[in-house]
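Me: Could you walk me through this structure, one question at a time? I'd like to take the charged side chains first and the fold after that.

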Amino acid sequence: MLDHVSITVSDIGAAEVFYDAIMAALGIPKVRRSETRLGYGERCDGEHPDRSYLSIKLGDKPEQAYSRHWCFKAPDRAAVDAFWKAGVANGGTDDGPPGIREVYHPTYYAAFLIDPSGNRVEAVCHRG
């Protein structure tokens, strides 16, 4: 559904450590780095319309919004576990450890983190 998403962080250095770790755990490549911007994933083009891209830009600290978050697809449950462990070890805060969330469906396996700037992120595996 989403082609690309852009978010802001107040500390690009802390964000880079955090996002490098969680994206590596999910197998998502880092494709851009500057003093004010990071990029992960692959941009769409005419031959690859199914790709997705995350742009992280230096800016003001995001306003708190309890329900707003970004969810990344994980290839398996081990990647969800690795996402959560990498995030907690690299400046993130636990916002829900890996586990089944039956409220969504019986095999919804997810974990939630808060990045160093206060953005809420999730990884999910839908497979049983």
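**Salt bridges, strands and a lone arginine**

Me: Which residue forms a salt bridge with Arg33 where the closest N and O atoms are 3.6 Å apart?
Reply: A salt bridge here needs a side-chain nitrogen of Lys or Arg within 4 Å of a carboxyl oxygen of Asp or Glu. This is a predicted model in which local features need pLDDT of at least 70 and side-chain atom pairs pLDDT 80 or more, while totals for chains, interfaces and linings use all residues. Residues are numbered from 1 along each chain as its sequence is written, and side-chain values use heavy atoms, leaving out hydrogens and water. At 3.6 Å between the closest N and O atoms, the partner of Arg33 is Glu35.

Me: Is Glu35 buried or exposed?
Reply: The cut-offs are under 20% relative accessible area for buried, over 50% for exposed and partly exposed in between, using a 1.4 Å probe and protein chains only. Glu35 comes in at 60%, so that acid counts as exposed.

Me: How far apart along the chain are Arg33 and Glu16, which link distant parts of it?
Reply: Their side chains meet in a salt bridge too, at 2.9 Å from N to O. Arg33 sits in strand S2 (residues 30–33) and Glu16 in helix H1 (residues 12–26); these elements are DSSP runs numbered from the N terminus, with helices being H or I of at least four residues and strands E of at least two. Arg33 is partly exposed at 46%, whereas Glu16 is buried at 14%. Along the chain, the two are separated by 17 residues.

Me: How many salt bridges are there by this rule?
Reply: One network of them links Glu16, Asp20, Lys30, Arg33 and Glu35. Another pair is Arg51 with Asp45, with closest N and O atoms 4.0 Å apart; Arg51 is partly exposed at 24%, and Asp45 is partly exposed at 39%. The count comes to seven.

Me: And Arg101, which is buried but has no salt bridge: what's its nearest side chain of opposite charge?
Reply: Arg101 lies in the loop between strand S6 (93–100) and strand S7 (109–114). For charge, Lys and Arg are positive, Asp and Glu negative, and His and the chain ends don't count. At 6.8 Å from Arg101, the nearest opposite charge is on Asp94.

Me: Which residue's backbone oxygen lies 2.9 Å from a polar atom of the Arg101 side chain?
Reply: Take contact as heavy atoms within 4.5 Å. Arg101 then touches Gly96, Tyr108, Ala110 and Phe112, not counting residues up to four places away in sequence. The backbone oxygen at 2.9 Å from its side chain belongs to Gly99.

Me: Over to the open sheet: in what order do its four strands come?
Reply: Strands pair if DSSP finds at least two bridges between them, and the pairing in this sheet is mixed. S1 and S4 run parallel over six bridges, with Ile7 opposite Ile56 in S4. S2 and strand S3 (residues 37–41) are antiparallel, joined by three bridges, and form a hairpin with three residues between them. The order is S1-S4-S3-S2.

Me: At about what angle to S3 does H1 run?
Reply: Axes are lines fitted to C-alpha atoms, for helices over the stretch in contact, and angles run from 0 to 180 degrees between N-to-C directions. H1 lies across S1, S2, S3 and strand S4 (53–58). S1 has a covered face of Val5, Ile7 and Val9 and an uncovered one of His4, Ser6 and Thr8. Relative to S3, H1 runs at about 10°.

Me: What's the relative accessibility of Leu54?
Reply: Leu54 belongs to strand S4. Beyond four places in sequence, Leu54 touches Val5, Ile7, Tyr19, Met23, Leu38, Gly39, Tyr40 and Phe72. Leu54 counts as buried, its relative accessibility being 6%.

How values were computed:
Polar contact = N/O pair within 3.5 Å; in protein donor to acceptor, adjacent residues only side chain to side chain.
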